[in-house]
Amino acid sequence: MSSAIDSVLTETRVFGPFERVANNANISGMDAYQALYDEAARDPNGFWERMAREHLVWDKPFTTVLDDSDAPFYKWFADGELNVSANCLDRHLNTPVANKTAIIFEADDGEVTRITYKELHARVCQLANGIKSLGYQAGERAIIYLPMSIEAVVAMQACARLGITHSVVFGGFSSKSLHERCVDIGASLVITADEQKRGGRAIPLKKAVDEALAQAGTESVKNVIVYRRSGGDVEWKDGRDLWMHDLVEGQATSCDPVPVNAEHPLYILYTSGSTGKPKGVQHSSAGYLLSALLTMKWTFDLKDDDIFWCTADVGWVTGHTYIAYGPLAAGATQIMFEGVPTYPTPARFWEMIQRHQCTIFYTAPTAIRSLIKAAESNDEHHPKKFDLTSLRIIGSVGEPINPEAWVWYHTHVGRERCPVIDTWWQTETGVHMITPLPGATPLKPGSCTLPLPGVDAAVVDESGQEVPAGKGGFLVIKRPWPAMIRTIWGDPERFKKSYFPPELKGYYLAGDGAQRDAEGYFWIMGRIDDVLNVSGHRLGTMEVESALVSHPLVAEAAVVGRPDATTGEAVVAFVVLKRPLPQGEEGQTIARELRDWVGREIGPIAKPREIRYGENLPKTRSGKIMRRLLRVVAQGENITQDVSTLENPAILEQLSQAY
Ligand code: WT7
């Protein structure tokens, strides 16, 4: 572990409470929050037992709550059985929710499609029946590589209905990433689309699947189900490929949900770590769904008449928990958007909030920051031009939100009437962990405030000792929680090593630096490992490095992050070529080639913003790359540190020129 982060907090403003929300909130006022928090702290098992019995529909009730006999491989409600899809759909069928709109889908080109809970249930059943007719069974694994669409939700829910574990791969990932994930989970089924549409362009998906499945190790895949989105040309492999519309045609609109064990893996979602290839984070069925549902009610204060909108893609955990599962379990009406916030103009989000009367809006700081820029350069794109009075709660997720962006969001989008809910969590935590409650918590811009009931968060030093207020340290969760990661698929040792280092007394290590202020509020200071956060997307520096060195021209590469006003961090790559240092034009050409290469190896989000060449990299005499110095160089600052331990100090000068 690297050393703890210390920094001085200068933000002292406090916002709220917000009467309009607080008066009838699900958790109203700090006393109510404290009471629930204390109940969970006094008797965690009793608390979670009560929640799981009150909020989930069980096929076979559980008799044990937490099984910690094989820690850190915790099990929750381990002898219970249920079905996640039944808990998201069937539970509403005999209630007024059945005829309520489940999803308002807005396509890239603006076309709007609505679907009720009853219709969604029928669609899920038809696809599940289709998949069943091909011979698939509970326990198999499916890759889902789909654009933002009702079909993506239908596919996830259909898998859950049959007990098939899904792994959604973000449509922006390359065929190579897709191939790796296919092999790692031993997928037998792939569900994809011909193309996806974003910002007026059509991007092929089926083609990437074909490329991935042409590679060795994917023989386990028996079928590819293809949703026809654009009608673009695709190649076809008879016997393997099936159109989704053909498969579901004539299928019954009911399909018995398969009861699975509470611990049955609902999904595996890949995320970047500090070393090696991405980790397959495995989530459970019952514990995960319980907390997805509870956080809808707690963090978003969800009410029957809310119109909820989470702008994340279903390829990320945010889209799993707060599009595909949480809102449906809660019976919410939600907006789902195919496109990008800047198309056809950077006012798209504000127009859509107005058009659909959105009440709860949840997006990422990187989107907010780029829309601030757009609004300030053109008044027509400013949120003040739109009627946003339907909003009652606005949220943020994915990276620290700087106080300036927070205040703009609060002022211009929330019109000073909506609490800003800065939710800290991770792919591994499954659900919100540290976050304000809109009807209770006084807000401080830049702080994710206080842990939810049942979350035992702390900031500790290297030996697991809690550090005093105002001091930096490692963010840990001291006690297991129901939605937590169960393991890394196929690599339990890596799971233990990454998240439960022995010196931390069995605490879960989040990988973030943090500090608490005098009132116990948490302030996240960024990652403590070699993980970057670019536009809210997690990226391992090692992943980008290995992509670069696999290029025939590259001898060696080191990748660091540099702070960026819009994307949070930007990727800067230091590269040693297998040929003399390129000059001028040649440097540009190779830089372009390398950026595209990384785009093809991982996905466009991993493309380095800058490439810098050197005849070598700064190394210690023992041959270790000095990333600390590279970070300083990447920021364009002068080196003030002692470089006497460097084997080759002159190299720093060479590396300061960017392409
Ligand atoms: C990492 C997790 C949470 C779902 C989407 C990202 C950073 C996330 C916040 C926040 C400060 C945040 C952390 C965390 N992060 N939310 N509100 N404030 N930092 O999930 O890809 O697993 O990334 O994102 O560094 O460890 P993820």
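A residue counts as buried when its relative accessible area is under 20%. Keep that cut-off in mind as you tour this predicted model.

**Stop 1: the cysteines**

Select Cys-255. Its relative accessible area is 5%, so Cys-255 is buried. Now add Cys-125, which holds the nearest cysteine sulfur, 5.4 Å away. A disulfide needs two cysteine sulfur atoms within 2.5 Å, and Cys-255 is in no disulfide. Next, pick Cys-310, also a buried residue, at 1%. The closest cysteine sulfur to that of Cys-310 belongs to Cys-358, and at 11 Å it is too far for a bond. How many disulfides does a search of the whole structure find? The search finds zero.

**Stop 2: the ligand**

Select the ligand and show what surrounds it: you should find 17 residues. The closest are Asp-422, Thr-423, Thr-427, Asp-512 and Arg-538. Sorted by class, this shell has six nonpolar, six polar and five charged residues.

Now look at some individual atom pairs:

- Asp-422: an N or O atom in its side chain is 2.7 Å from a nitrogen atom of the ligand.
- Gly-398: a polar backbone atom here is 3.2 Å from a nitrogen atom of the ligand.
- Thr-427: a polar side-chain atom lies 2.5 Å from an oxygen atom of the ligand.

On its own, the ligand has 550 Å² of accessible area, and the protein covers 95% of this. Which elements give two or more residues to the shell? They are helix 11 (317-329), strand 20 (420-423) and strand 25 (522-527).

**Stop 3: a hairpin**

Stay with strand 25 and add strand 24 (residues 508-516): the two pair in the antiparallel sense over five bridges. Find Gly-513, and you will see Gly-526 of strand 25 opposite. The two strands form a hairpin with five residues between them. In the turn, Gly-520 has a positive phi of about 85 degrees.

**Stop 4: positive phi outside glycine**

Go to Gln-357, in the loop between helix 12 and strand 18 (360-363). Its phi is near 55 degrees, a positive value in a residue other than glycine. Then select Thr-449, in the loop between strand 20 and strand 21 (457-460), where phi is near 65 degrees. Are these two residues buried or partly exposed? Gln-357 is partly exposed, at 44% relative accessibility, whereas Thr-449 is buried, at 0%.

**Stop 5: two cis peptide bonds**

Select Ala-71 and Pro-72, which a cis peptide bond joins, with omega about 5 degrees. Pro-72 sits in the loop between strand 1 (66-67) and strand 2 (75-76). Finish at Tyr-343 and Pro-344, joined by a cis peptide bond with omega about -5 degrees. Pro-344 is in the loop between strand 17 (333-337) and helix 12 (348-356).

How values were computed: Residues numbered from 1 in each chain as written. Predicted model: local features only at pLDDT ≥ 70, side-chain atom pairs only at ≥ 80, totals over all residues. Heavy atoms only, no water. Near = heavy atom within 4 Å. Polar contact = N/O pair within 3.5 Å; in protein donor to acceptor, adjacent residues only side chain to side chain. Areas by Shrake-Rupley, 256 points an atom, 1.4 Å probe, with all protein chains shown as cover. Helix = DSSP H or I, 4+ residues; strand = E, 2+ residues; numbered from the N terminus. Nonpolar A, V, L, I, M, F, W, Y, C, P; charged D, E, K, R; others polar. Pairing = 2+ DSSP bridges. Buried < 20%, exposed > 50% of the residue type's maximum accessible area, 1.4 Å probe, protein only.
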